[in-house]
Amino acid sequence: MFTRPVVATVALTTLAAVGLAVPSSAAPSSGTAGSIGVGDKVWPELGNGGYDVLDQRLDLRFAKGLASYTASTTLTARATQNLSSFDLDLLGPKVTGVRVNGVPTTWKTTPQGELVITPAKSLRKHLRFVVRVDVRNNLPQATEKDPFPPGLQRYGGWVQTVNQPSGARRIMAVSDHPAQKAPTTFSVTAPATLNSIANGKLISVRKHGDATTRVFREGRKIATELIQIGVGPFTVLHRTGPHGLPLRYAVPTAQLKEIEPQLASFDRSIRFMEQRLGRFPGTEAGAYVSALGGELETQGLTLMAADAMTKEGFENNGTAGVVLHEVSHEWFGNSVSPRRWADLWLNEGHAVFYTNQWSAAQHGWSVEKSMRHTYEEAGNDLLVNGPIANPDPSTWKGDAAPIRPYSSAAYQGGALTLYALQQTVGAKTFEAIERAWVHRYANSNAGTEDFIRLASTVAGRDLGPLLRSWLYSKTLPAMPGHPDWKVGPA
Ligand SMILES: [Zn+2]
């Protein structure tokens, strides 16, 4: 989380509604309705059933002054059942048109964030279809009273994206679950006086009047929670990382000299992780250093706060460790994405675990001491929102609800589980498990049971009882090899 400055109110531009909308009740059709979600216990309404997403194009056009935008989603999908209707996730933006295979189609929205689309003819199982959804939305500036919502965030001439875990559906229609991640093309149209950036490689730039359109392509699958779309007065620097890996950094033009020296921390973090896991899983890496900030592992383009990247901010905020944490997510979370949100410990537990390793190497700290501290001081308090791999959504209330299941169980609990595994199998076998994990499930999805199975195969012994005792318990088990560690207060 990051603090927000007090900002002046700016009048919002309202766009005229475009008239493609055909809201109506569903026409009878053969087939059955796709389910509202992918069957995620933590987030039942996220993602959608009845189809696989094969590819998508997200087209955003920001108005002058950035106070509003229009957006089009073009999703290529394959039906996994005969579909009488299907959903996308959408919460907030106004729908201005829906087409299936080019034909205007009936639709309705629900307060739970479903856009229910009913084509005139049902969609046949196994066949591909293309759905296009056009929306428009306002993009008010954050104020102290009304802080940044999840999704697109604007302050002055800056726009950034903070979706984790479910902000993408607040920007435009998507299938908003990592299980439905897909290769994505981004087209961003912004005022020509500003720069723009998104995940993936820049493939074209076109100026038209007082706007510029940049098109980016992320050819690997990308989860909607990892999307980054940025607009602002920044300059993009290009560097080369290990084995020719392209690095790019979008940096506030006014702070270029101040921030540039600290950017090398990304290169160093990539090298540190590559020594332990093998090659970086992406085709490019780098950061979007924004005036707003809030660190987030948006794929191939980590979001960083400008004030944490100046020399002073870097030292005062321990930013090098934050960079390592976010870079480690390129392996754990971005390349190997969770099947369900209960698998989040595989992202955050790994990020904390490797940040601990890095801190130990950098500062001469003891990993054992740090793990012991977490185990004894935080103890069972870690599990207030449920077991490590079985978070309980009913415990997330109020402000915490939109960020479920991000809790200490996933972060510190996940890291303690990995440490328990390492203590049990030894450092060499543990590294072999980790390398096998990021290789086997690269550019894919995997969950807790996949990890248990793979760890057992690599170690040549059944690690199910050990790992399940950590992952599904309401209290932390004894730490293998450290019977003297005592769990803190429950
Ligand atoms: Zn993280």
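# Briefing: salt bridges, zinc site, cores and sheets

Glu431 and Arg435 are joined by a salt bridge, with 2.9 Å between the closest N and O atoms. Both residues belong to helix H9 (residues 427-440), where they sit four residues apart, about one turn of the helix. The structure is a predicted model. The points below cover its salt bridges, its zinc site, the helix H5, the nonpolar cores and the strand pairing.

**Salt bridges**

- The whole structure contains 14 salt bridges.
- In the pair within H9, Glu431 is partly exposed at 32% relative accessibility, and Arg435 is likewise partly exposed, with a relative accessible area of 32%.
- Asp267 and Arg271 form a salt bridge through their side chains, at 2.4 Å from N to O.
- These two residues are four apart in helix H2 (residues 264-277), so about one helical turn separates Asp267 from Arg271.
- Asp267 is buried, its relative accessible area being 15%, whereas Arg271 is partly exposed at 40% relative accessibility.
- A salt bridge also connects the side chains of Asp59 and Arg61, with an N to O distance of 3.0 Å.
- Within that pair, Asp59 counts as buried at 17% relative accessibility, while Arg61 is partly exposed with a relative accessible area of 29%.
- Arg339, Asp450 and Arg453 are connected in a network of salt bridges.

**Zinc site**

- The zinc ion has three protein donors, namely His325 through NE2, His329 through NE2 and Glu348 through OE, at 2.0 to 2.1 Å from the ion.
- Along the chain, the donors of the zinc ion are spaced as H-x3-H-x18-E.
- His325 belongs to helix H5 and Glu348 to helix H6, so this pair ties together parts that lie 23 residues apart in sequence.
- Glu348 is buried at 1% relative accessibility, and His325 is also buried, with a relative accessible area of 13%.

**Helix H5**

- Helix H5 (residues 319-328) is mostly covered, as nine of its 10 residues are buried.
- The buried residues of H5 are Thr319, Ala320, Gly321, Val323, Leu324, His325, Glu326, Val327 and Ser328.
- Helices that the buried residues of H5 pack against include H2, helix H3 (306-309), helix H4 (311-316), helix H6 (345-363) and H8.
- Strand S20 (302-305) is also among the elements against which these buried residues pack.

**Nonpolar cores**

- The largest nonpolar core has 75 residues, of which Met273, Val289, Trp345, Leu421, Trp437 and Phe451 touch the most other members.
- Helix H8 (residues 408-425) supplies the largest share of this core, with nine residues.
- A second core, separate from the largest one, has 59 residues, among them Val98, Val131, Leu152 and Val162.
- When neighbours within four places in sequence are set aside, the contacts of Trp345 are His350, Ile388, Ala389, Ala410, Gly414, Thr417, Leu418, Thr448, Phe451 and Leu471.
- Phe451 thus appears among the contacts of Trp345, and both residues are among the core members that touch the most others.

**Open mixed sheet**

- An open sheet is built from eight strands in the order S6-S5-S9-S3-S2-S12-S15-S14, with mixed pairing.
- Strand S6 (103-104) and strand S14 (201-208) are the edge strands; each has a single partner strand, so one side of each is left without a neighbour in the sheet.
- Inside this order, strand S12 (residues 182-191) pairs with strand S15 (residues 211-222) in the antiparallel sense over nine bridges.
- Val188 has Arg214 in S15 as its bridge partner.
- In a regular strand, side chains alternate between the two faces of the sheet.

**Hairpin of S17 and S18**

- Strand S17 (residues 234-240) and strand S18 (residues 246-252) are paired in the antiparallel sense over seven bridges.
- Opposite Phe234 stands Pro252 in S18.
- The two strands S17 and S18 form a hairpin, with five residues between them.
- His243, which lies in the turn, has a positive phi of about 40 degrees.

Technical notes:
Residues are numbered from 1 along each chain as its sequence is written. This is a predicted model: local features need pLDDT of at least 70, side-chain atom pairs count only at pLDDT 80 or more; totals for chains, interfaces and linings use all residues. Side-chain values use heavy atoms; hydrogens and water are left out. A nonpolar core is a set of buried Ala, Val, Leu, Ile, Met, Phe, Trp, Tyr and Cys residues joined through side-chain atoms within 4.5 Å. Buried means under 20% relative accessible area, exposed over 50%, partly exposed in between (1.4 Å probe, protein chains only). Contact means heavy atoms within 4.5 Å. Two strands pair if DSSP finds at least two bridges between them. A salt bridge is a side-chain nitrogen of Lys or Arg within 4 Å of a carboxyl oxygen of Asp or Glu. Donors are N, O and S atoms within 2.8 Å of the metal (3.2 Å for Na, K and Ca); water is not among the atoms, so sites may look incomplete.
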